[in-house]
Amino acid sequence: MNYTASKPEITRTIERVREFSFEEKKEAALDEQKVNRFLDTIIEFKKLLSNKSAKINNLVEQIESITWFDDLDKESLMLVNDLISSIRDLHYSLLRQYVTMRYVRTKGIAKVETKNFKNAIDDLKEIANDLESRFFFLPSMPDFQETTKAYAERNCSLEATG
């Protein structure tokens, strides 16, 4: 290619590079805004998970106190059974939410919050199992009945002397 033919091609190329460079310089400010929005979204996600975990943990504590009840009548046992079913339904829903966070977990986003969320979900499952064992399986075991009776007698004697 001779000089006269190459000059317009070089000029067009320079113009394309110049335009692209100019657009990228303008875009850099927008990129910062996009990154900030992304980071804000991560912060909101972390807060959401932390709040859910705290709510679950509070529920677990409240449910745990029920495991100390004694001598429940049939109606109360039916209510405990309904509670167990509700807990398991909630556990299933929360576990599905956790599973949908796979991408977030594999990318290491909100590691602590997702771990705490999973632990809270596991605690919820455990408390449902504890309730079921406490009120439906263990009472039919003679060793459990003896232990519970001895515990109750000891507490009664301590209250009488205290």
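Q: Why is His91 called buried?
A: His91 has a relative accessible area of 11%. Buried means under 20% relative accessible area, exposed over 50%, and partly exposed in between (1.4 Å probe, protein chains only). The value of 11% is under that limit, so His91 is buried. The model is predicted: local features need pLDDT of at least 70, side-chain atom pairs count only at pLDDT 80 or more, and totals for chains, interfaces and linings use all residues. Residues are numbered from 1 along each chain as its sequence is written, and side-chain values use heavy atoms, with hydrogens and water left out.

Q: What does His91 touch, and where does His91 lie?
A: His91 lies in helix H2. Leaving aside residues up to four places away in sequence, His91 touches Ile121, Leu124 and Lys125. Here, contact means heavy atoms within 4.5 Å. Both Ile121 and Leu124 are listed among the buried residues of H4.

Q: Which residues of H2 are buried?
A: They are Val80, Ile84, Ile87, His91, Leu94 and Tyr98. An α-helix has 3.6 residues a turn, so residues three or four places apart point the same way.

Q: How do you know that the span of H2 is close to the expected one?
A: H2 covers residues 74-100, with 27 residues. Its first and last C-alpha atoms are 39 Å apart, close to the expected 39 Å. The expected span is 1.5 Å times one less than the number of residues.

Q: What makes the span of H4 agree with its number of residues?
A: H4 has 27 residues, which should span 39 Å at 1.5 Å a residue. The end C-alpha atoms of H4 are 37 Å apart, which agrees.

Q: Why are H2 and H4 called roughly antiparallel?
A: Their axes cross at roughly 160° and come within 9 Å. Axes are lines fitted to C-alpha atoms, for helices over the stretch in contact, and angles run from 0 to 180 degrees between N-to-C directions. Angles under 35 degrees count as roughly parallel, over 145 as roughly antiparallel, 65 to 115 as roughly perpendicular and the rest as oblique. The angle of roughly 160° is over 145, so H2 and H4 are roughly antiparallel.

Q: Which residues of H4 (residues 111-137) are buried?
A: Among them are Phe117, Ala120, Ile121, Leu124, Ile127, Ala128 and Leu131. The buried set of H4 also includes Glu113, Thr114, Arg134 and Phe135.

Q: How do you know that Ile56 is buried?
A: Ile56 has a relative accessible area of 5%. This value lies below the buried limit, so Ile56 counts as buried. Ile56 lies in helix H1 (residues 3-66).

Q: What does Ile56 touch?
A: Ile56 touches Leu94, Phe117, Ala120, Ile121 and Leu124, with residues up to four places away in sequence not counted. Leu94 is also one of the buried residues of H2. Ile56 and Asn119 are 63 residues apart in sequence, with 9.8 Å from C-alpha to C-alpha.

Q: Why is Asp130 called partly exposed?
A: Asp130 has a relative accessible area of 35%. That value falls between the buried and exposed limits, so Asp130 is partly exposed. Asp130 belongs to helix H4. The C-alpha atoms of Asp130 and Ile63 are 9.9 Å apart, with their places 67 residues apart along the chain.

Q: Is Asp71 buried or exposed, and what makes it so?
A: Asp71 has 80% relative accessibility and therefore counts as exposed. Asp71 lies in the loop between H1 and H2. Its phi is near 50°, a positive value in a residue other than glycine. Most residues other than glycine have a negative phi.

Q: Is Ala110 buried or exposed, and how do you know?
A: Ala110 has 6% relative accessibility, so Ala110 counts as buried. Ala110 lies in the loop between helix H3 (102-106) and H4. The phi of Ala110 is positive, at about 55°, although Ala110 is not a glycine.

Q: How many helices and strands does the protein chain have?
A: The protein chain has 5 helices and 0 strands. Helices (H or I, at least four residues) and strands (E, at least two) are DSSP runs, numbered from the N terminus. Of its 162 residues, 18% count as buried.
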